[in-house]
Amino acid sequence: MALFIVGTSVFSLAVIGLVIILALWTFNDAKVRSCQPPVLWVLLVMLVFPVGIILYLLIGRTKKGITNGNRFKIPAVVMSVIFFLSAVLFVMGIIHFVQSDFSGLSSGRNGTFISSSNSINNREWNFRARSVNGWVYRTLDLNARQLNAFHVSGYSNGNVSLRLEQGERMEAIDITGSFHSSIDMSAFEPGRIRVTLEFDNAHDVDIIVRWR
């Protein structure tokens, strides 16, 4: 999520910066190399970016054979490079966001659920139910820091267990009753882990799984 936010922010600022620099470059260039008013080309560049700058380069420079020492040439080149790098970061952020969205990578459940709620928000899985008999799982993508911060707290009447699975690794932890404890995740590696809550005729269930 952090990569998505950073990528989106940097890309947005890069787009704004590039449009401003190209507008200034177009104004200075059009004063010398275009028969049309420079302001018109500047408005076109800013309103329909990037089509505007492409149109200017193709049809706006009507005066041929004229050199123009445009002082915004180097800033425009530098800003273009920053723009393309930020676009790469933006795409990486989108990919990361899709792979680890708020609802987990995958989820499922089986059994009888009465008055239940099941949600993930801000690296926290909340499960509540008035009555439940069965299981519910989430597949999470956890880094090393999140593994160290893995914590479970909650309350329930009835038998409740937490099962953690990654490849051939599997651990089951009894969290029946009132439970508030960090979970030792040293047996697991950063990556995808299936986290399952198993219930045996449990009532008044309120469980929070945190990895922050």
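Which residues lie nearest the centre of the second largest pocket? In this predicted model, they are L22, W25, I53, L57 and A76, which belong to a lining of 17 residues. The briefing below treats this pocket, the largest cavity, a nonpolar surface patch and selected residues in helices and strands.

**Second largest pocket**
- The volume of the second largest pocket is about 250 Å³.
- Helices α1 (2-33), α3 and α4 each contribute at least two residues to the lining of this pocket.

**Residue S86 in helix α4**
- Helix α4 spans residues 73-99 and includes S86.
- S86 has a relative accessible area of 2% and is therefore buried, the limit for that class being under 20%.
- Apart from residues up to four places away in sequence, S86 touches V10, F11 and A14.

**Nonpolar surface patch and M46**
- Twelve names make up a nonpolar patch on the surface: F27, V39, L40, L43, M46, L47, V48, V51, I54, L55, L58 and I59.
- The area of this patch is about 1100 Å².
- Two elements, α2 (38-47) and α3 (51-60), give two or more residues to the nonpolar patch.
- M46, one of the patch residues, is located in helix α2.
- The relative accessibility of M46 is 44%, so M46 counts as partly exposed, a class that lies between the buried limit of 20% and the exposed limit of 50%.

**Largest cavity**
- One cavity of 30 Å³ or more is present in the structure.
- The largest cavity encloses about 30 Å³ of space.
- Its lining consists of V152, S153, G154, Y155, S156, I175, G177, F179 and I207.
- Strand β3 (residues 150-166) supplies five residues, the largest share of the lining of the largest cavity.

**Residue S116 in strand β1**
- S116 is part of strand β1, which covers residues 106-120.
- With a relative accessibility of 30%, S116 falls between 20% and 50% and therefore counts as partly exposed.
- When neighbours within four places in sequence are set aside, the contacts of S116 are R109, F127, R128 and A129.
- Between S116 and V132, the C-alpha to C-alpha distance is 8.0 Å, and the two residues are 16 residues apart in sequence.

Note on methods. Residues numbered from 1 in each chain as written. Predicted model: local features only at pLDDT ≥ 70, side-chain atom pairs only at ≥ 80, totals over all residues. Heavy atoms only, no water. Helix = DSSP H or I, 4+ residues; strand = E, 2+ residues; numbered from the N terminus. Buried < 20%, exposed > 50% of the residue type's maximum accessible area, 1.4 Å probe, protein only. Contact = heavy atoms within 4.5 Å. Patch = residues over 30% accessible without salt bridge, like charges linked within 9 Å, V, L, I, M, F, W, Y side chains within 5 Å. Areas by Shrake-Rupley, 256 points an atom, 1.4 Å probe, with all protein chains shown as cover. Salt bridge = Lys/Arg side-chain N within 4 Å of Asp/Glu carboxyl O. 1 Å grid on protein atoms, 1.4 Å probe; cavity = no way out; pocket = protein on both sides within 12 Å on 5 of 7 lines; lining within 4 Å. Points joined across faces, edges and corners; volume = space filled by probe spheres on them.
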